[in-house]
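Okay, everyone, thanks for coming. I'd like to take a few minutes to walk you through a structure, so have a look at the screen.

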Amino acid sequence: MQYVIHTQQLCRYFEVGDTRVHALDHVDLCVDEGDFVAVMGPSGSGKSTLMNILGCLDTPDDGDCRLLGQLVSEMDDAQLSSLRNQYIGFVFQSFHLLPRLTALDNVLLPLRYADVDITEGALRARHLLDRLGMSERIGHRPNQLSGGQRQRVAIARSLVAAPPLLLADEPTGNLDSKTSIEIMDLFTELNQEGQTILMVTHEDDIARYAKRVIHMRDGKIEREHVNAAA
Ligand SMILES: Nc1ncnc2c1ncn2[C@@H]1O[C@H](COP(=O)(O)OP(=O)(O)OP(=O)(O)O)[C@@H](O)[C@H]1O
Ligand SMILES: [Mg+2]
C-alpha cells in the first residue's frame, strides 16, 4: 500500500550566527490513508518545520519526503506548488484569510490554482460553508467574523479542492474551548469519511481526538502512542 506521507531520515537545518539548529533531525514518519495523527511536543521541537515541509511550503536539507508516492525532496518550486494545490489543504493557527474578500471568495481562492471544475468547486464551497454552519455568513469579510467563524472559513478553503491530505498547524490555538471542540468534532467527521489528517497541537484534550499521537523533541520523533478511544 502507498502511504499518504512517507519521510525517511528527513532533516532541516537552520544556520543562525555560528550555530546550526537541527529543526528536523532524521525524522521517519509514515501516515496511511484515512489516518488522523496529532503531533505534539515542546515549543521549538520542529512541529511547524515538519508541517511546512509536508505542506510543500519548505524543502528539506537531507533525507526523503514522499507525498502519495511522489518524491517531494527533489522537486523544484513549480512542481511543489502544483503538488500543493492538488494534494494538500493547509489550516494555520492564525487563519490566513484575505481581508478584502468575503468568506465565500476566500473559500473559492484555491480553485484558481487547482484543476477543479469551477461550477463544481463553487457548489462544493457553498456546501462546505453550509456544513460548517456558515451559510448566513458567506458575504461577510474576515473582520466581520469571530475567530471560530474565521477558522471555519479557513477549513472550508483548505478542503474546497478536495485534497487527499489535510494539514493543520495548531488549528485551535487561537480559539476558545467550546469552538475548539466544534472544530475537532468536524475533523473527526471528516476523518470518518476518509479524510487523512495531520495536525499539530499543544493540548492533550485536542490530541485525544486523533487516532495516533506523535511526540517530538529536539527535531526528533521521541515516541508515539495510539489513542484507544479514537
Ligand atoms: N526560518 C528559521 N530560521 C532559523 N531558525 C528557525 C527557522 N524556523 C524555525 N527555526 C528553528 O527551528 C526550531 C524548530 O522550530 P519550529 O517552528 O518547527 O518549532 P515548533 O515545534 O513548531 O514550535 P512552536 O510550538 O513554538 O510552534 C526552533 O529552534 C526554531 O528556532
Ligand atoms: Mg509551531
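I'll go through the sheets, the ligand shell, one helix and then a few single residues. Keep in mind that this is a predicted model.

Let's start with strand E8, residues 196-200. How many of its residues are buried? Five of five, so the strand is mostly covered. Look at the side chains: Thr 196, Leu 198 and Val 200 go one way, Ile 197 and Met 199 go the other way, and all of them are buried. That's the pattern you know: in a regular strand the side chains alternate between the two faces of the sheet.

Who are the partners of E8? On the one hand there's strand E3, residues 36-40, which pairs with E8 in the parallel sense over four bridges. If you want a landmark there, find Val 37, which sits opposite Leu 198. On the other hand there's strand E7, residues 165-169, also parallel to E8, and here we have five bridges. The landmark for that pair is Asp 169, whose bridge partner in E8 is Val 200. To get from E7 to E8 the chain passes through helix H6, residues 177-192, and this β-α-β crossover is right-handed.

Now over to the antiparallel part. Four strands make an open sheet here, and the order is E2-E1-E4-E5. At the edges you find E2, residues 19-31, and E5, residues 70-71, each of which pairs on one side only. E5 pairs with strand E4, residues 62-67, through two bridges, in the antiparallel sense. In that pair, Leu 67 is across from Gln 70.

E1 and E2 are antiparallel too, with nine bridges between them. One of the bridged pairs is Phe 14 with Val 21 in E2. The hairpin of these strands has two residues between them, and Gly 17 there takes a positive phi near 60°.

While we're on E1 and E2, there are two backbone angles I'd like you to look at. Most residues other than glycine have a negative phi, and most peptide bonds are trans. Now go to Gln 9, in strand E1. Its phi is near 55°, so positive, and Gln 9 isn't a glycine. Then there's His 26, over in strand E2, again a non-glycine with a positive phi, this time about 60°. Are these residues buried or exposed? Somewhere in between: Gln 9 has 14 C-beta neighbours inside 10 Å, so it counts as partly exposed. His 26 has 15 other C-beta atoms within 10 Å, which makes it partly exposed as well.

Okay, the ligand. Which residues surround ligand 1? From the hairpin strands we'll pick up Phe 14 and Val 21 again, and the shell also includes Val 16 and Ala 23. Then come Gly 41, Ser 43, Gly 44, Ser 45, Gly 46, Lys 47, Ser 48 and Thr 49. Strand E1, strand E2 and helix H1, residues 47-54, each supply at least two residues of this shell. H1 gives the most, namely three. As for chemistry, the shell divides into four nonpolar residues, seven polar ones and one charged one.

Next, helix H5, residues 147-159. From first C-alpha to last, its 13 residues reach 19 Å, which is close to the 18 Å expected at 1.5 Å a residue. Ten of those 13 residues are buried, so H5 is largely enclosed by the rest of the structure. The buried set includes three arginines you might want to click on, Arg 150, Arg 152 and Arg 157. It also runs through Val 153, Ala 154, Ile 155 and Ala 156, among others. And what do the buried residues of H5 pack against? Strand E6 (88-91), helix H3 (103-108), helix H4 (118-131), E7 and H6. So we meet E7 and H6 again here, the strand and the helix from that crossover.

Last stop: Ala 114, in the loop between H3 and H4. It has 17 C-beta neighbours inside 10 Å, so Ala 114 counts as partly exposed. Setting aside neighbours within four places in sequence, its contacts are Asn 85, Gln 86 and Ala 161. And if you'd like a distance to check on screen, the C-alpha atoms of Ala 114 and Leu 54 are 18 Å apart, with those positions 60 residues apart along the chain.

That's my tour, so over to you.

Definitions and conventions: Residues are numbered from 1 along each chain as its sequence is written. Chains are lettered from A and ligands numbered from 1 in the order in which they are written. This is a predicted model: local features need pLDDT of at least 70, side-chain atom pairs count only at pLDDT 80 or more; totals for chains, interfaces and linings use all residues. A residue is buried if 20 or more other C-beta atoms lie within 10 Å of its own, exposed if 12 or fewer, and partly exposed in between; C-beta atoms are placed from the backbone. Two strands pair if DSSP finds at least two bridges between them. A crossover is right-handed if, with the strands pointing away from the viewer, the path from the first strand over the helix to the second runs clockwise. A residue is near a molecule or strand if its C-beta atom, placed from the backbone, lies within 6 Å of it. Ala, Val, Leu, Ile, Met, Phe, Trp, Tyr, Cys and Pro count as nonpolar, Asp, Glu, Lys and Arg as charged, and the others, Gly among them, as polar. The expected span of a helix is 1.5 Å times one less than its number of residues. Two residues are in contact if their C-beta atoms, placed from the backbone, lie within 7 Å.
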